[in-house]
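Trainee: I have a model open and I am not sure how to read it. Can we go through it step by step?
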Amino acid sequence: MAGTDEDPRVAELRTAVSRLRRQLAVLRADFPDRAIAEEELAALAAMAAGGVPEIPRLRASLLLVAGAIGSMSALTRGLAQVRAAIDLFGEPPRP
C-alpha cells in the first residue's frame, strides 16, 4: 500500500486471513471444529487490525486453525498463505 505507514507484514496477514475466512464461509461441508476455526480466524483478523501482533499468539492461533480445519483439502492453500504471512513475523524469542 503505497503512501501508508502500514507494516507490510500486517497487510499480508490481513489479506491472507480475509481470504481464508471467505473460503471457509463458502465451504458447504460442515465439520466438528468449524466454529473453532472461525473464532481463531476472527482473532487473527483482530490482531492484524490492531497493528503488529504478538508472535506467540499468532502461532498459537495458527495451530488452532490448522487443527480445526484438519484435512479439508479445499482450504489447504488458504491455510498455507496464512502460515506464510505469519512466518513473515519471524520466530518468537526463546525464553
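Mentor: Start with burial. Buried means under 20% relative accessible area, exposed means over 50%, and partly exposed is in between, using a 1.4 Å probe and protein chains only. Take R34: its relative accessible area is 12%, so R34 is buried. R34 is found in helix α2.

Trainee: What should I know about the model before I go on?

Mentor: It is a predicted model: local features need pLDDT of at least 70, side-chain atom pairs count only at pLDDT 80 or more, and totals for chains, interfaces and linings use all residues. Residues are numbered from 1 along each chain as its sequence is written, and side-chain values use heavy atoms, with hydrogens and water left out.

Trainee: Which residues is R34 in contact with?

Mentor: Contact means heavy atoms within 4.5 Å. Leave aside neighbours within four places in sequence, and R34 is in contact with L24, A25, L27 and A29.

Trainee: How many helices and strands are there in the protein chain?

Mentor: Helices (H or I, at least four residues) and strands (E, at least two) are DSSP runs, numbered from the N terminus. The protein chain has 4 helices and 0 strands. Along the sequence the pattern is α-α-α-α.

Trainee: How do I judge the overall compactness?

Mentor: Use the radius of gyration, taken over C-alpha atoms; the globule rule is 2.2 Å times the number of residues to the power 0.38. The protein chain has a radius of gyration of 13 Å, close to the 12 Å that the rule gives for 95 residues, so it is as compact as a globular protein of that length. Its C-alpha trace spans about 40 × 35 × 20 Å along the principal axes. Of the 95 residues, 36% count as buried.

Trainee: How do I check the length of a helix?

Mentor: Compare its span with the expected one, which is 1.5 Å times one less than its number of residues. Helix α1 covers residues 8-26, 19 residues in total. From first C-alpha to last, α1 reaches 27 Å, close to the expected 27 Å. Helix α2 has 16 residues and reaches 23 Å, close to the expected 22 Å.

Trainee: Which residues of α1 are buried?

Mentor: First, the general idea. An α-helix has 3.6 residues a turn, so residues three or four places apart point the same way. In α1, the buried residues are V10, A11, L13, A16, V17, L20 and L24. Their cover includes α2 (34-49), α3 (55-69) and α4 (76-87).

Trainee: And what covers the buried residues of α2?

Mentor: The cover includes α1, α3 and α4. The buried residues of α2 are R34, A37, E40, L41, A43, L44, M47 and A48. Just after α2, G51 takes a positive phi of about 105°.

Trainee: Can we compare two residues of α1?

Mentor: Try V10 and R9. V10 is buried, with a relative accessible area of 5%. R9, at 28% relative accessibility, counts as partly exposed. Not counting residues up to four places away in sequence, V10 touches A48, G51, V52, P53 and F89. With neighbours within four places left aside, R9 is in contact with V52, L88 and F89.

Trainee: How far apart are the C-alpha atoms of R9 and L88?

Mentor: They are separated by 6.1 Å, yet R9 and L88 are 79 residues apart along the chain. V10 and G70 are 60 residues apart in sequence and 25 Å apart in space, C-alpha to C-alpha.
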